[in-house]
Amino acid sequence: METPSELHPISTPQIDTLILDALTRYIAQSGAQPGSRLPPERVLAEKLGVSRNTVREALKRWEALGIILRKKGSGTFLQVDVGINDSFLSLRFKNDSANMLHALEVRRVIESECCALAAQRATAEDLASIERCLNEVERVHLSVGTAGAEDWAFHSSIYRAAGNPLLLQMLNGIYDSLHAFFESPPEQALFADSLPLHRELFNAIHQRDSKAARAICHQILDITERDMKDVINAKR
């Protein structure tokens, strides 16, 4: 039996992303073009085996990005091209590129300093927590090719170790934007090149090397920015 410390909540954004990735595949395989009408929420819910409310909430995310247009009394209509290799993450980057790049800048400013502070302030308990999270990132990534939720837990453990609760509150406040960086599905395996750097980042924090921790954080986010721009520029 799992102990409470081993349980992890399943967030709504993760569920939404799974639904939207399934919907993306459906649209791409159906050959739907911009202007095409999507099936009713009831039909989508039945095909996906989830509630209509779950589908409705997921579609709100697409609507906010301009991927679909919902007309009361008429239905839901596709607004952009959706390719077979797309996912919610790639569509979000391509259709909300300015906001995603802005979110990355915010993440870079806050996270690089969090890493430096964690190197100065992390307790033995904090270091053990960061290492546990890192081990899980490596385990899951090697198993399935990506570890989005586990990666978020790893970075969150560093934010907590920085010892400034306001920093963590700030990051939680922009969670919806930042979470896009941790929603990469296995078939895309975005940001995989940065995986070895996560172990280097932990080692720098463990060795109380603030300068190295800050620099490695920037290296990780350089890779994130590169991969983001590759997705944004695809098919342009």
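Here's a quick tour of two helices and a hairpin. Keep in mind that this is a predicted model. Helix 6 and helix 10 each get a look at length, buried face and packing, and the hairpin comes last.

**Helix 6 (124-144)**
- With 21 residues at 1.5 Å apiece, helix 6 should span 30 Å, and its end C-alpha atoms do sit 30 Å apart, so the two agree.
- Its buried residues are Leu127, Ser129, Ile130, Cys133, Leu134, Val137, Val140 and His141.
- Those buried residues cover an arc of only 165° around the axis, which puts them on the same side of helix 6.
- Flip to the face turned away from that buried side and you'll find the exposed residues Ala124, Glu125, Arg132, Leu142 and Ser143.
- The buried residues of helix 6 pack against helix 7 and helix 10.
- Just past the end of helix 6, Gly145 has a positive phi of about 95°.

**Helix 10 (195-206)**
- The 12 residues of helix 10 should span 16 Å at 1.5 Å a residue; the end C-alpha atoms are 18 Å apart, which agrees.
- Buried here are Leu195, Leu197, His198, Leu201, Phe202, Ala204 and Ile205.
- Looking down the axis of helix 10, the buried residues fall within an arc of 160°, so they line one face.
- Their cover includes helix 5 (97-121), helix 6 (124-144), helix 7 (148-161) and helix 11 (210-233).
- Arg208, just after helix 10, takes a positive phi of about 60°.

**The hairpin**
- Strand 1 (residues 68-71) and strand 2 (residues 75-78) run antiparallel, joined by four bridges.
- Leu69 has Phe77 in strand 2 as its bridge partner.
- Three residues lie between the strands, and Gly73 in this hairpin takes a positive phi near 85°.

Conventions. Residues are numbered from 1 along each chain as its sequence is written. This is a predicted model: local features need pLDDT of at least 70, side-chain atom pairs count only at pLDDT 80 or more; totals for chains, interfaces and linings use all residues. Side-chain values use heavy atoms; hydrogens and water are left out. Two strands pair if DSSP finds at least two bridges between them. Helices (H or I, at least four residues) and strands (E, at least two) are DSSP runs, numbered from the N terminus. The expected span of a helix is 1.5 Å times one less than its number of residues. Buried means under 20% relative accessible area, exposed over 50%, partly exposed in between (1.4 Å probe, protein chains only). The arc is that of the directions from the helix axis to the C-beta atoms. Contact means heavy atoms within 4.5 Å.
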